[in-house]
Amino acid sequence: SLYIPIVLGALIALTQVELPRLVGHLKLILGLVMVLNLVAAAMFPDFALLRPYAGQLPGIDFRLYGVTSQANTLGPIALLLLMLELYYPSRVVFRWPLVVLALANFLLAQSKTAWLTAFAVLIFAYLPYRFMALQTRPDGQTMAIKLILVPGG
């Protein structure tokens, strides 16, 4: 519960920093947390995993919380990194490792609340954002999406 006041306090203190640089550093820090979670799970499973756990993923009998206080903390943090990568993509060299790390942490945390939040963000924020972006640069993709989404369009 201390992550949000720390990040908001840092944002208030860093009013002179440009947004792309701030987002880049935030993604770097969150990526490091994702790596530490997986390393902790491999090296110290008694510390980083809740086991046994009857979760939603078949064949996985644990819940990852890594270096965070619990899995319901890790899920939203991993979702935040995924959202930052969607809206502010990194260079290709960093983008896919960050997405894979965040997705692995997001799924292994098995936070149903974060999963529902991700679904809501996808439906109500990301898809309209992408649709509007495609409308601003008309091409064949936009016409195909309109034909699929709008009956008789």
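Buried residues are those under 20% relative accessible area, exposed ones are over 50%, and partly exposed ones lie in between (1.4 Å probe, protein chains only). Helices (H or I, at least four residues) and strands (E, at least two) are DSSP runs, numbered from the N terminus. By these criteria, the buried residues of α2 are V23, K27, L30, G31, M34, N37, A40 and A41.

The model is predicted: local features need pLDDT of at least 70, side-chain atom pairs count only at pLDDT 80 or more, and totals for chains, interfaces and linings use all residues. Residues are numbered from 1 along each chain as its sequence is written, and side-chain values use heavy atoms, with hydrogens and water left out.

Confidence was examined next. pLDDT is the predictor's confidence in each residue, from 0 to 100. Its mean over the protein chain is 82, and 86% of the residues reach 70 or more. Among the elements of the chain, helix α7 (residues 140-149) has the lowest mean pLDDT, at 57, and α5 has the highest, at 92.

Helix α2 covers residues 19-43. The expected span of a helix is 1.5 Å times one less than its number of residues. For the 25 residues of α2 this gives 36 Å, and the end C-alpha atoms are 36 Å apart, in agreement. The buried residues of α2 pack against α3 (45-48), β1, β2, α4 and α5. Contact here means heavy atoms within 4.5 Å.

Helix α2 also contributes to the surface. L32, V35, L36, V39, M43, F44, F47 and V67 form a nonpolar patch there. Together they have about 740 Å² of accessible area. Such areas come from the Shrake-Rupley method with a 1.4 Å probe; for residues, only the protein chains shown count as cover. Patches are made of residues with over 30% relative accessible area and no salt bridge; like charges are joined within 9 Å, and nonpolar side chains (Val, Leu, Ile, Met, Phe, Trp, Tyr) within 5 Å. The most is given by α2, with five residues. V39 is found in this helix. V39 is partly exposed, with a relative accessible area of 38%.

Helix α5 (residues 92-109) has 18 residues. From its first C-alpha to its last, α5 reaches 26 Å, close to the 26 Å expected. Its buried residues include L98, V99, L101, A102, N105, F106, L108 and A109. An α-helix has 3.6 residues a turn, so residues three or four places apart point the same way.

Charged pairs were then searched for. A salt bridge is a side-chain nitrogen of Lys or Arg within 4 Å of a carboxyl oxygen of Asp or Glu. The whole structure holds three. In one, the side chains of K27 and E85 meet at 3.0 Å, N to O. K27 lies in helix α2 and E85 in helix α4 (residues 71-87), so the pair ties together parts that are 58 residues apart in sequence. K27 is buried, at 5% relative accessibility. E85 is also buried, with a relative accessible area of 1%.

E85 forms a salt bridge with R95 as well, the closest N and O atoms being 3.7 Å apart. E85 lies in α4 and R95 in α5, so this pair ties together parts that are ten residues apart in sequence. R95 is partly exposed, with a relative accessible area of 21%. K27, E85 and R95 are thus linked in a network of salt bridges.

Another salt bridge joins R51 and D61, with the closest N and O atoms 3.8 Å apart. Both residues sit in the loop between β1 (49-50) and β2 (63-64), ten residues apart. R51 counts as partly exposed, at 47% relative accessibility. D61 counts as partly exposed too, at 40%.

Two backbone features were noted. Most residues other than glycine have a negative phi, and most peptide bonds are trans. The peptide bond from R51 to P52 is cis, with omega near -5 degrees. P52 is placed in the loop between β1 and β2. Phi of Q110 is near 50 degrees, a positive value in a residue other than glycine. Q110 comes just after α5, in the loop between α5 and α6. At 1% relative accessibility, Q110 is buried.

Helix α6 (residues 112-136) contains A125. A125 is partly exposed, with a relative accessible area of 30%. Not counting residues up to four places away in sequence, A125 touches Y87 and A120.
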